[in-house]
Amino acid sequence: MEADGELLLRLRSGDERAFVSLVQRYQEQMLRLATSFVPNQAVAEEVVQDTWLALLRGLDGFEERSSLKTWLFSILVNQARTTGTREHRSVPVPDPEPAVDPARFDAGGSWADPPEQWVEAAEGRLEAGKLADRLRALMDELPARQRQVVLLRDVDELSSEEVCSVLAISDGNQRVLLHRGRSRLRQLFEDEFRGVR
Amino acid sequence: MRLLPRRDLVCRQAVELVTDYLEGSLPRRARKRFEAHLASCPHCTQYLAQMRETIRLTGRLEPEDLTPQQRDEFVELYRRWRDQPD
């Protein structure tokens, strides 16, 4: 796959195919991220379209102090936040939410109902190419702020510093949201795949 | 609440440390305690493996191809910008 940096070069020289390649690469993720900020799909689509225009308009001024995708997601988050919104950046992380249902531990804190095997079943489904749609659906079940962090970290593979910068959150909050998001996703996988042989 | 001896981590606490552990943000002593717990607890070892798998599977999510119609729309968007940059 062509690196973002090469696409950026081609884009700056006026190659419209480079633009389409970039859209292909990030459109779906941007839409998913936008959806976690705004009230509905139509607004999310507008936000994403505005982001692409802002990218084109900003190309000359982009100094590459961050990676292209970090810049792109930053524009998106800013657009989404100015467009009316389900939440604000100052909202604190809500009360503690355990990684695992407390009922699964005994009084001493040891596993009473230990994690069930599901990794092999998931791998099998992955190999059969049947996992992607279900994965998307499970991701959508995460609360918005956890979803944002998991998407940026684990799907788009931004570093923790980049995620903090894009979402304008502290490193501590980033880690808490990531922990809850991943823990919840693990539970969803367990629910989905256990007993599937 | 009963206070546990400092050295013993129970499973309920261990699962809350998994992300810090994977992020490399546990202080050295806490990391040692966590690893000592794993060494004696197959369930938490399994749990950690599942968290790694969760991250791996999430990372396998590839974007779907744009439809021809979407492709045309973005070419159109690009050309409009090119012809009227502002």
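**Exercise 1.** What is the average pLDDT of chain A, and what percentage of the residues score at least 70?

*Solution.* The model is a predicted one. Chain A has an average pLDDT of 90. A score of at least 70 is reached by 92% of the residues. Turning to the elements of chain A, the lowest mean pLDDT, 85, belongs to helix α5 (residues 119-127). The highest, 96, belongs to helix α8 (residues 160-167) of chain A.

**Exercise 2.** Determine how the two domains of chain A are placed and which residues join them.

*Solution.* Begin with the bounds: domain 1 of chain A covers 4-82, and domain 2 of chain A covers 102-193. Next, consider the separation: the centres of the two domains, taken over C-alpha atoms, are 25 Å apart. Then examine the contact, in which nine residues of domain 1 of chain A meet twelve residues of domain 2 of chain A. On the side of domain 1, α2 (16-35) and α4 (68-82) of chain A each provide at least two residues. The largest share, five residues, is that of α4(A). By class, this side of domain 1 holds three nonpolar, four polar and two charged residues.

**Exercise 3.** Describe the side of chain B that touches chain A.

*Solution.* First, count the participants: 40 residues of chain A and 34 residues of chain B take part in the contact. Second, locate the elements: α1 (11-14), α2 (18-22), α4 (42-59) and α5 (68-83) of chain B each contribute at least two residues to the side of chain B. Of these, α4(B) gives the largest share, with twelve residues. Finally, sort the residues of this side by class: 17 are nonpolar, nine polar and eight charged.

How values were computed:
Residues numbered from 1 in each chain as written. Chains lettered and ligands numbered in written order. Predicted model: local features only at pLDDT ≥ 70, side-chain atom pairs only at ≥ 80, totals over all residues. pLDDT = per-residue confidence, 0-100. Helix = DSSP H or I, 4+ residues; strand = E, 2+ residues; numbered from the N terminus. Nonpolar A, V, L, I, M, F, W, Y, C, P; charged D, E, K, R; others polar. Domains from an automatic or database assignment. Contact = placed C-beta atoms within 7 Å.
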